Each structure stands twice: as C-alpha cells, then as structure tokens.
Amino acid sequence: MAYLASPSATKAVINKYSFAFQKKFGQNFLIDGNIVREIIEESGIGPDDFVLEIGPGIGTMTQYLCEYAREVVAVEIDKSLIPILEDTLSEYDNVEVINEDALKVDIKQLVADRNDNKPIKVVANLPYYITTPIVMGLLESKAPIDSITIMVQKEVADRMQTGPGSKEYGALSLAVQYYADAYVVAKAPASCFMPRPNVDSSVIKLDLYDECPVQVKDEALMFRIIRASFNQRRKTLANGLKNAQNLQFSKEQIETAIEQLGKPLTVRGETLTLEEFAKLADLLS
C-alpha cells in the first residue's frame with residue numbers, strides 16, 4: 001500500500017489529477033506521516049469504532065483510519081477531490097466518501113443509521129475559516145460522540161483551552177469547556193503541510209462529557225448570554241446584554257441579575273467563568 005503522507009506521494013497525486021488547490025476551501029494537505037500516526041494514536045481508534053472524518057483531502061489520514069477502524073465515513077466538500085479519493089482509497093472496503101458540506105450533514109441521523117446510535121469518534125484536519133462552526137455544530141448536535149480529534153490553527157487550540165481574563169477567551173472557549181475536556185496532543189509546524197500555511201497548527205482532542213460539569217436550567221439562554229457578552233468585548237457585560245437583539249431583558253432585570261451574581265455593574269463578560277455564566281442564565285430565566 002502506498003501511503004500518501006509524504007511530499008513526494010502528495011505531489012504525485014496532485015500531478016496525476018492536475019489538482020488545483022482551492023483557496024475558498026482553505027486546503028492544506030498533511031505531508032508528515034509521523035503527525036498522521038500521532039493523530040490516529042491519540043484519537044484512540046480501534047477495530048470496533050465508527051469514525052466520521054471531516055475534510056479528507058486526497059485521503060492521507062483516511063488510509064490510516066480505514067486500517068484502524070471498523071468503518072469510516074469521510075465528508076469532503078470539494079467535488080474535484082471525489083475521483084481522487086476513489087483512487088487513493090480503492091483498496092479499502094470499509095469507507096464511504098460523501099461529497100457534502102460538513103455543516104449540512106445531519107450527524108445525529110448518520111449515527112443512528114450507521115452506528116445504531118452508539119458513540120462515534122470524529123477526526124478532522126480543519127481549515128481556519130470553518131473551525132468554529134464545525135466544532136460548535138458537532139458539540140451542539142447532541143449526537144452520541146465519544147471524542148473529537150482535530151487539527152486546527154495553533155491559536156484556535158489555545159482559545160479552546162483558555163480561561164477568563166485572557167484575550168483568547170471567548171464563546172468558543174466556554175462552549176468547548178461546557179461539553180468536553182480539551183487538551184493538545186500534538187503540534188504541527190507549517191512545514192507539515194502542502195501548500196505551506198502561514199501559521200503553525202495543533203492537534204487538540206475533545207473528550208466529550210457524559211454529563212456537563214456545570215448545571216444550567218436553560219442551556220440555549222446561557223449560550224445567547226455568552227455570545228452577547230463577547231460580541232462587543234470593550235463593553236461592560238450589562239451593556240453587551242442590553243444591546244443584544246436576541247435577549248429580551250430590561251435594563252433593570254440585567255443589572256439586578258449581575259448584582260445578585262455578586263459582580264459590579266462595570267464587570268466585563270471576559271472575566272466571568274463558565275459557572276458564573278450558568279448562574280447568570282439561571283438568575284435571568
């Protein structure tokens with residue numbers, strides 16, 4: 001079997017199909033076999049696992065997934081990559097490639113149809129522009145997902161793990177921490193990709209919780225409050241919530257809730273912990 005995780009093998013496939021990288025899809029193919037093997041190892045995939053891969057590219061990581069997992073479904077948005085994947089994955093009978101936008105795939109339905117509602121593992125090499133919507137979509141899908149192991153831009157991985165007060169802290173940090181235990185398992189310098197991006201990447205693993213560490217009466221309300229408080233970072237929390245179009249609370253309700261939280265009215269959203277946002281949502285609901 002000819003593995004694709006090297007510059008020469010990747011170039012050979014690109015030349016064979018006269019493939020042109022599409023900037024709009026943020027395509028950067030992995031060309032380092034050590035990183036690919038590390039991702040597979042850290043994802044903990046075994047022979048009983050159903051794996052959803054998002055963005056297989058030319059199939060570099062897919063080859064390894066097929067060898068370790070029971071079944072793989074790979075979702076690729078770029079239709080010009082479909083014939084390439086048919087070629088590079090032709091030796092495997094446990095993979096299906098779907099030409100679709102990953103954001104439009106009904107993951108809950110996919111798990112029900114293909115894995116009898118048992119938890120799946122997700123693996124992805126995500127372009128920067130779509131990282132947050134994909135991660136949020138997976139977390140909010142409420143599909144049975146055991147873990148998500150993803151290659152992302154280093155600063156996005158930092159954002160997922162950071163706490164209150166840092167400039168990286170935001171809605172993504174809080175969502176990830178609400179749903180999962182997140183930790184970086186590998187670093188991938190820009191030289192591991194073709195074409196070479198301008199930034200380094202990290203592989204981050206999200207182990208999803210069976211039960212969220214923070215209890216809140218209205219989860220959707222909590223996330224509306226979180227998003228509103230980070231929409232205009234320079235504003236106070238009170239002003240951020242008052243200006244939010246999807247929150248219908250009066251100035252008095254907002255100020256009373258912040259005071260009941262034990263915070264001054266000058267407090268900014270980025271200083272609140274996940275627990276405090278949950279408490280604020282309970283006070284307002």
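1. Against which elements do the buried residues of α2 pack? The model is a predicted one, and in it these residues pack against two kinds of element: the helix α3 (60-68) and the strands β1 (29-30), β5 (120-125), β6 (145-153), β7 (180-188) and β9 (201-208).

2. Helix α2 spans residues 33-43, and its buried residues are G33, I35, V36, I39, I40 and S43. These lie on the same side of α2, because the arc they cover around the axis is only 165 degrees. N34 and E41, on the other side of α2, are exposed. An α-helix has 3.6 residues a turn, so residues three or four places apart point the same way.

3. The ends of α2 can be read as follows. At the N-terminal end, D32 acts as a cap, with a side-chain oxygen 2.8 Å from the backbone nitrogen of N34. After α2 comes G44, which has a positive phi, near 70 degrees.

4. Aromatic rings come next. The model has 9 aromatic pairs. Y179 and F223 make a stacked pair, because their planes are at 5 degrees, under the 30 degrees that counts as stacked; their ring centres are 6.0 Å apart. Y179 belongs to helix α8 (residues 171-179) and F223 to helix α9 (residues 219-231), so this pair ties together parts that are 44 residues apart in sequence. Both Y179 and F223 are buried.

5. A further pair is formed by F230 and F277, with ring centres 6.2 Å apart; the planes are at 40 degrees, so the pair is tilted. F230 is in helix α9 and F277 is in helix α12 (residues 274-284), so the parts tied together here are 47 residues apart in sequence. F230 and F277 are both buried. Elsewhere, one aromatic cluster is formed by F19, F21 and F29.

6. The largest nonpolar core has 67 residues, and M160, L206, M222 and L280 have the most contacts inside it. Helix α9 gives the most to this core, with 7 residues. In soluble globular proteins, nonpolar side chains tend to be buried together.

7. What is L206 in contact with, leaving aside its neighbours within four places in sequence? The residues are V135, D146, S147, I148, M160, V176, A180, D181 and A182. M160, in this list, is also among the residues with the most contacts inside the largest core.

8. A second core, separate from the largest, has 35 residues, including V36, Y64, L89 and F193. Of these, V36 is one of the buried residues of α2.

Conventions:
Residues numbered from 1 in each chain as written. Predicted model: local features only at pLDDT ≥ 70, side-chain atom pairs only at ≥ 80, totals over all residues. Heavy atoms only, no water. Buried < 20%, exposed > 50% of the residue type's maximum accessible area, 1.4 Å probe, protein only. Helix = DSSP H or I, 4+ residues; strand = E, 2+ residues; numbered from the N terminus. Arc of directions from axis to C-beta. Contact = heavy atoms within 4.5 Å. Polar contact = N/O pair within 3.5 Å; in protein donor to acceptor, adjacent residues only side chain to side chain. Phe/Tyr/Trp six-rings, centres within 6.5 Å; stacked < 30°, edge-to-face > 60°. Core = buried A, V, L, I, M, F, W, Y, C linked by side-chain atoms within 4.5 Å.
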